[in-house]
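Biologist: Could you take a close look at one part of this model for me, the place where the two chains meet? Give me the cut-offs as you go.

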Amino acid sequence: MASQEILRGEPSRGSFINDPRIRSLFFQTLVVILLFSSIWWIVHNVIENLQRLHIASGFGFLKSRAGFDISDTPIAYTSDSTYFRALVVGLLNTIIIAAAGIVLATVVGFLIGIGRLSQNWLIRKICTVYVEIFRNIPPLLVIFFWYSGVLAVLPPPRESIHLPLGSFLNQRGFYLPRAVWGDGSWLIGVALLLAIAMAWFVAQRARQRQRATGQQFPVFWTSVALIVGLPVLAFLLSGMPLTFDFPKQSTFNLTGGFWIKPEFLSLLLALSFYTAAFIAEIVRAGIRGVSKGQTEAAAALGLRSGPILRLVVIPQAMRIVIPPLTSQYLNLTKNSSLAIAIGYPDLTATAGTVLNQTGQAVEGVFIMMIAYLVLSLVTSFVMNIVNARMALVER
Amino acid sequence: MQEHDMSWVRTEMALAQPAPPTERGAYAWVRKNLIGSVGDTILTVLGIAIVVWVLPQIINWAFINAVWTGPDRTVCTTASQGGIQPDGWTGACWAFVNAKFGQFMFGTYPIEERWRPILVAILFVALLVPMLIPRVPRKGLNALLLFVALPIVAFFLLVGGMFGLPHVETPRWGGLLVTLSLSFVGIAVSLPMGIVLALGRRSKMPIIKWLCVVFIETVRGIPLITVLFFASVMLPLFLPEGVSFDKYLRALIGVSLFAAAYMAEVIRGGLQAIPKGQYEGADSLGLGYWQKMGLIVLPQALKLVIPGIVNTFIGMLKDTSLVLIISMFDLLGVVKQNFADPNWATPQTPKSGLIFAAFVFWLLCFGMSRYSMYTERRLDTGYKR
């Protein structure tokens, strides 16, 4: 019974070198020592270099005068504003381009993705060609293509291209009529909010009634009627307080209207067309991922093709689609930093200018990193909430 | 009961009949794929309208009206712009691409030394092709030559300054040479780094695990431009006075760090897909950690994630175009730089140059993605549950 003797005794280890706990402790201590000594070395070098180059450190520079102009300013900004305000302007521009890009990319991506699964051979092929072209070229190239290939060679302002609804297209960008809201237009906004609240209430009641009695209620059309009807009613009641400010051609330029600059336009088009190709593939994979049995079972229950899609296929497809969709949204936000290549003043571009002017590279790069990390975290947080609502609730 | 009640019993199988005429041939195909329903017909008409509207324009621009050769901008400009083309002419200016082709490929690499990058390219293709064909034996040796020997040989050939070759500074490198060398060296560096990071992330040692997690998630959360900024502005500050890096090397460090974080996530996926039994089996054989990983787990995991690695590589090839922001001239950078050449400045030049660059990128990326799909199908034998 020698084996039993060994089993009863202390587990024998050759030596403490082979003890996994001691080993892991040793290696981790080693890593920590290495890490701290290299950090200390780097910090030491940085301090020495900064002193030699007479560069200040710390975030005090944020309060001093920026002294450079920014072409797109969503909030009031002049060259007399502080560096901090310049960075905020940049951050807001990044958020604007990312949000607009996400919306456009989602719409285009879903259309193309559904098109790739169409019964129609021609539509399927067109969508495939689109996806294969845009997926395989760098986004920066697409931006340059729109910026220097298409928009820069448009006619000068005097020979602007007239588009329907009083809008113009020329070298300097895209001019749209701007809506000018008169007195009493707040009523329309209130009506819209009221309509949305009522539509939500109707939907809740309809769901309760269907659960209790099985009777259905045309929620969709009621909501459309409410959301369109109430604001229109308010618009008429308040005496139609809406006028349009049309862009007018003067000798050298266009005045008035809503002006979209070519930098913004090319960035938006490039980012959303590029990301749309990836979203299309995600949507296609999502819809293909719902097994055919689900569609057939729904048909066997007597559902028509509309409700099959709305109640059976899409909810299941969304579960597959949302996580990769989130990472595409994050990619789009990060790719918006390519704005610097064509001079759209986003966060990277303004932080780059600040960094060049002050020489405070460490702080500049740190601000950039933190801002993008926060943006990424916020986007994934929102998408995680959406995902949690969509996810399968298992009993 | 008599056996002869039934008047007739079929004794052989019925012969296969051809499908009815409405179900075969071109007409049936058209009916099924193009005009299946009212909505379908409308879509087809719409699709044909798009094709008819777009395709002739593209063909006219890119082939029929295009200018293929010429000495300078006059061949690509209309009479009113000071050229030889009739007014209202639009067409691709391939003459520009033709004249600048050497620059697009090698940047300002000295012309009498260009045989060196060409030789490297030939060596690269000679080693890559047998690597890609599954039937060719000696994959291990091949990989060793491709990923270890070739970079060393290429370094001495391209940089020079030894063995009687004149030294060529990296600022003179450019074009496709920079694009391909950056992404290839980037992948060769980021693959082992990614493996280490992925193993670290799955490690049981908390400090190592969290270091890896922080690194991976930080790098994945910020744009490549920020990483390149970091590499080009902050790395010089990190080093003691007098020590400085080449700009090319800085870009290389930035790109490799960035790709390593993405590579780590791809490889982690592979590690997670290996069943627990494999790990336990290795443990029960008494293998140590590195033996277990190197002999049992990683060979299986890496094989699983080859498509993911290729995708990362495609992403990296596309991303190297961003180095133009820290003023290095890869393919896209050189093309863009040449728009400013007064000798070739025409309204058609930017479009033509960019479409040429897009075509080169597309060819490389599309080829790789097709190859990765082929590998995926070939390896799709085990593990599918």
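Modeller: Sure, starting with the contact: 55 residues of chain B and 52 residues of chain A take part, where contact means heavy atoms within 4.5 Å. Bear in mind that this is a predicted model, so local features need pLDDT of at least 70, side-chain atom pairs count only at pLDDT 80 or more, and totals for chains, interfaces and linings use all residues. Residues are numbered from 1 along each chain as its sequence is written, chains are lettered from A and ligands numbered from 1 in the order in which they are written, and side-chain values use heavy atoms, with hydrogens and water left out.

Chain B and chain A bury about 4600 Å² between them, 76% of it from carbon and sulfur atoms (buried area is the accessible area, 1.4 Å probe, that two parts lose on being put together, summed over both). On the chain B side, Leu237(B), Phe238(B) and Lys318(B) supply 13% of the area buried against chain A, more than any other three residues.

As for polar links, 12 residue pairs are in polar contact between the chains, both at pLDDT 80 or more (N or O atoms within 3.5 Å; within protein, one must be able to donate a hydrogen and the other to accept it, and residues adjacent in sequence count only if both atoms are side-chain atoms). The rule also finds 1 salt bridge across the interface, meaning a side-chain nitrogen of Lys or Arg within 4 Å of a carboxyl oxygen of Asp or Glu. Glu132(A) forms a salt bridge with Arg370(B), with the closest N and O atoms 3.1 Å apart.
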